[in-house]
Amino acid sequence: MMDLEVMQRAYEHAISYLDSLPERRVGPDVTVEQLRRALGGPLPIGGMDATTVIDELVRDADPGVMGTAGPRFFGFVIGGSLPAALAADWLTSTWDQNAGLYAASPSASVVEEISASWLIELFGLPAGVSTAFVTGAQMAHFTSLAAARHHVLAAQGWDVEAQGLVGAPPIRVLASDEHHSTVDRALRYLGLGTACIESIATDAQGRASTVDMITALRSSSGPTIVCLQAGDVNSGAFDEIGPICDAAHEVGAWVHVDGAFGLWARTSGASRHLTEGMEKADSWTTDGHKMLNVPYDSGYAFCAHPDSHNAAVAVHASYLIHAEGRQRDQVDWTPEFSRRARGFATYAAIKFLGRSGIEEMVDRMCAHARRFAEGLSAEPGVEILNDVVLDQVLVAFTGRDGADIAPAVVEGVQRDGTCWLSGTVWKGRPAMRISVANWSTTTEDVDRSVEAIARVARGLRAG
Ligand SMILES: *Cc1c(COP(=O)(O)O)cnc(C)c1O
């Protein structure tokens, strides 16, 4: 018999956590060592009552749970969870579907189908692009670049799935010197290695030089993949995707777009211009767990060449029951075999917000980012390092002796607990990075956070 009492208890813990989020201290309140002591101990020999397991887990883990789902978390690029998406995610765990095959879960399959078509329409991608629901942008890059690898080598008469890469024509990858580290790792996983990257210089905002990119494309032939950024992880800047796609296609190159959060600019009339010509690319990556505010984990790959996508990742086994006709199973589009039914949470998020709700949410995040920049730039010793085109703000802090004090300000703000954000180095300069990606952040949350940051910075400047 299923123990329903433990479900009820988990539900109560979850609700009280959600209730606490707006006012809860954002950063953790314990050290990792304290957590090890609280949660550790010898391997349990006998079991224990399920409700006690959950009560103790909450008691011991709660102090180290980061308030990433709350309204004043601005670290990395981490979204929260829309209530509808979180509720759908609870049901996803409850239903416990294996979303690899239509035969294993028709509803999970159809919901991914429908959600994919909604996402394609939202992003204005060409009709007929193929989709993969994966864990995040990392695996979406892997999936997209596996398709790219297949495509550019097939054009040379090389079957990489059968022959591997030993003896294959070398592939050249063009990417800016600010490209995200997950692109490197996808290239490593694919056996291409990072030495195949030809690095293209960027401007002060982190945009690839279009002229250098086009020159590099025309300078030699052979299989080429171009990786562009729609939303630099630090500055939020966008490469000039349209013109680069035109030049790439003249020489048969494949263009992959890293739009982990930036692809969402497509959904808003105010920021769509940043993505001009993006529909001409060959593959795209974005996340559900960032701007859309679907719980972890959720990422999407889109590919304009379904046959190459399918050839790169499809799988066959005698005991599988494959779907008939044109519609292939999810195992044939994703690098996973057994897999979580990630589509339900995405489906719920899109249904809850609708096109207009998504646009409003993205616009709100961007307005909050601009408010951060305005509020902080009024402070002495503060400099905003980027044009705030989307939801990212880079802030430098100078002490009265002229030294960069951003790392100390970041540390002080994390300790203060009002909000949480982290640091980076931008074009050689230490900076605080602020990323607004939570649906529930209000103007008051931004103002409270600006105040907290200013308080810490003033204290440090006073010495
Ligand atoms: C977050 C991010 C990634 C990695 O995404 P995951 O979902 O963490 O795998 C890649 N590129 C950019 C620009 C990002 O912001």
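Reader: Where does the side chain with an N or O atom 2.8 Å from an oxygen atom of the ligand come from, that is, which residue carries it?
Author: This is a predicted model, in which local features need pLDDT of at least 70 and side-chain atom pairs count only at pLDDT 80 or more, while totals for chains, interfaces and linings use all residues. Residues are numbered from 1 along each chain as its sequence is written, and side-chain values use heavy atoms, with hydrogens and water left out. The 2.8 Å pair is a polar contact (N or O atoms within 3.5 Å), and on the protein side its atom belongs to the side chain of D287.

Reader: How much of the ligand's accessible area does the protein cover?
Author: Besides D287, whose side chain approaches a ligand oxygen to 2.8 Å, D258 places a polar side-chain atom 2.8 Å from a nitrogen atom of the ligand, and a polar backbone atom of A137 is 2.9 Å from a ligand oxygen. On its own the ligand has 380 Å² of accessible area (Shrake-Rupley, 1.4 Å probe), and the part covered by the protein is 84%.

Reader: How many residues apart in sequence are the parts tied together by E23 and R448?
Author: E23 and R448 form one of the 27 salt bridges (a Lys or Arg side-chain nitrogen within 4 Å of an Asp or Glu carboxyl oxygen), and their closest N and O atoms are 3.2 Å apart. E23 lies in the loop between α1 (4–20) and α2 (32–39), whereas R448 belongs to helix α14, residues 443–462 (helices being DSSP runs of H or I, at least four residues). The pair therefore ties together parts whose separation in residues is 425.

Reader: Is D89, the salt-bridge partner of R340, buried or exposed?
Author: The side chains of D89 and R340 meet at 3.0 Å, N to O, and they link helix α4 (residues 83–95), which holds D89, with the loop between α11 (306–313) and α12 (343–377), which holds R340, 251 residues apart. Relative accessible area under 20% counts as buried, over 50% as exposed, and in between as partly exposed. R340, at 28%, is partly exposed, whereas D89, at 14%, is buried.

Reader: Which residue forms a salt bridge with D246?
Author: D246 sits in helix α10 (residues 241–250), and its partner, 34 residues away in sequence, is in the loop between β5 (254–258) and β6 (283–287) (strands being DSSP runs of E, at least two residues). D246 is partly exposed, with a relative accessible area of 38%, and the partner is also partly exposed, at 35%. The closest N and O atoms are 3.1 Å apart, and the partner is K280.

Definitions and conventions
A polar contact is a pair of N or O atoms within 3.5 Å; within protein, one must be able to donate a hydrogen and the other to accept it, and residues adjacent in sequence count only if both atoms are side-chain atoms. Buried means under 20% relative accessible area, exposed over 50%, partly exposed in between (1.4 Å probe, protein chains only).
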